[in-house]
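I opened my notebook for a look through this one, entry by entry. Here is what I looked up, in the order I got to it.

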Amino acid sequence: MAKKNIKLRARLKNGIVIVKALIKHPMETGLRKDKVTGLKVPAYHITEITCHRKDDLVFSCQWGPGVSKDPFLSFTLKSIDKGEMLTLAYVDNKGLTDSLDVKVK
Amino acid sequence: MKSVLAKLEKRHLLIVFEENIMKRRIFLKGGVLTGFVIPYFKLIASSSLLLPVKLLASWNKEAFYATDMKTASAALGDTTTHAVVSEHVFLDVKDIAENAAVVPIKVSTDLENAKIIRIYVENNPNPLIATFKLTQYTDNFVFIRTKMRETSNVIAMVEANDQLYMAKKQIKVTAGGCGG
């Protein structure tokens, strides 16, 4: 099985779940030039991230090329209990995807 | 004569034995094949099922690759071009970015019915950084790290009640990461 590109943690504190995700991704803007060839490196970045609780869409976002390399994302959720499973998934502009499940601690 | 018969019998037995071995081999081959192939197909089937369940298909290319804020907001379908500066949108950033490739930005809001949070960096080649869709489960807080080309205004925009609210702050980018 391929190694996951996502690190994910969800922790319940005072009724609010703090979700933290670290994704390994080059996030090329398409504007950077290769130092050797002088050609532009084609854009390669995450376009979309979703977070599901079972079938409910809990959180989603769309990203442009301006997000940092190996992006870190954090957001908060409410009315979610301890022990529930959250699924975080991403798609990049080449259509590659990855996803990870995590239990709320 | 007897010895010839015995030889023949032996040979016959040998042939039968070999045939049996062959059969066993074929059987084994079949077994091995099914043993490998079926789980393989199962794996393919399960992995395609495990892939991200539902992703929203419409990534707004025009907005994210727009080179200035007006075209970006037009591509996002804003009906109002004017965003109100609001105290209810909190933009938490440092005044000086030591590393322009990693600028942490925190946005939160206490506006009711907030639907979307957007982050812009005005002087970036592509100013629209990200849009966050809020649901009934979200607690109106996001944290992200962005790249910045140069010293620029960072704008957090919140869409609520068919209105745009925003908060603006300048972040200084220092070239070498020392002093301001």
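Which side chain does A:Arg53 meet in a salt bridge? I looked, bearing in mind that this is a predicted model, and found A:Glu84 as the partner, at 3.4 Å from N to O.

**Entry 1: the pair in chain A**

I placed both ends next. A:Arg53 lies in strand S3 (residues 46–53) of chain A, while A:Glu84 sits in the loop between strand S5 (72–78) and strand S6 (85–92), so the pair ties together parts that are 31 residues apart in sequence. I checked the cover on each end too. A:Arg53 counts as buried at 17% relative accessibility, and A:Glu84 counts as buried at 19%. I then noted that A:Asp56 belongs here as well: A:Arg53, A:Asp56 and A:Glu84 are linked in a network of salt bridges.

**Entry 2: salt bridges elsewhere**

How many salt bridges does a search of the whole structure find? I got five over all chains. Two of my notes concern chain B.

I wrote down B:Glu159 and B:Arg118, whose side chains meet in a salt bridge at 3.2 Å, N to O. This pair links distant parts of the chain, with B:Glu159 in strand S8 and B:Arg118 in strand S5 (residues 114–121), 41 residues apart. B:Arg118 is buried, with a relative accessible area of 3%.

I also noted B:Arg149 and B:Glu150, which meet in a salt bridge at 4.0 Å, N to O. Here B:Arg149 is exposed, with a relative accessible area of 52%, and B:Glu150 counts as partly exposed at 34%.

**Entry 3: the cysteines**

I went looking for disulfides and came back with zero over all chains. Why is A:Cys51 not bonded to A:Cys61? The sulfur of A:Cys51 is 9.7 Å from that of A:Cys61, its closest cysteine sulfur, and this is too far for a bond. The cut-off I needed for that step is 2.5 Å between the sulfur atoms. Seen from the other end, A:Cys61 is in no disulfide, and its nearest cysteine sulfur is that of A:Cys51. I checked the cover here as well: A:Cys51 is buried at a relative accessible area of 1%, and A:Cys61 is buried, with a value of 1%.

**Entry 4: positive charge on the surface**

Which residues gather in a patch of positive charge on the surface? I listed A:Lys7, A:Arg9, A:Arg11, A:Lys13, A:Lys20, A:Lys24, A:Lys69 and A:Lys105. Strand S1 (residues 6–13) of chain A gives the most to this patch, with four residues. I picked out A:Lys20 for a closer look and found it in strand S2 (residues 16–23) of chain A. A:Lys20 is partly exposed, with a relative accessible area of 43%.

**Entry 5: positive phi in chain B**

I finished with backbone angles. B:Asn140 is not a glycine, yet it has a positive phi of about 55 degrees. I found B:Asn140 in strand S7 (residues 138–146) of chain B, and at 15% relative accessibility it counts as buried.

B:Asp162 is not a glycine either, and I noted a positive phi of about 60 degrees for it. Is B:Asp162 buried or exposed? It counts as exposed, at 62% relative accessibility. B:Asp162 is found in the loop between strand S8 (152–160) and strand S9 (163–173) of chain B.

How values were computed:
Residues numbered from 1 in each chain as written. Chains lettered and ligands numbered in written order. Predicted model: local features only at pLDDT ≥ 70, side-chain atom pairs only at ≥ 80, totals over all residues. Heavy atoms only, no water. Patch = residues over 30% accessible without salt bridge, like charges linked within 9 Å, V, L, I, M, F, W, Y side chains within 5 Å. Areas by Shrake-Rupley, 256 points an atom, 1.4 Å probe, with all protein chains shown as cover. Lys, Arg positive; Asp, Glu negative; His and termini not counted. Charge placed at Lys NZ, Arg CZ, Asp CG, Glu CD. Helix = DSSP H or I, 4+ residues; strand = E, 2+ residues; numbered from the N terminus. Buried < 20%, exposed > 50% of the residue type's maximum accessible area, 1.4 Å probe, protein only.
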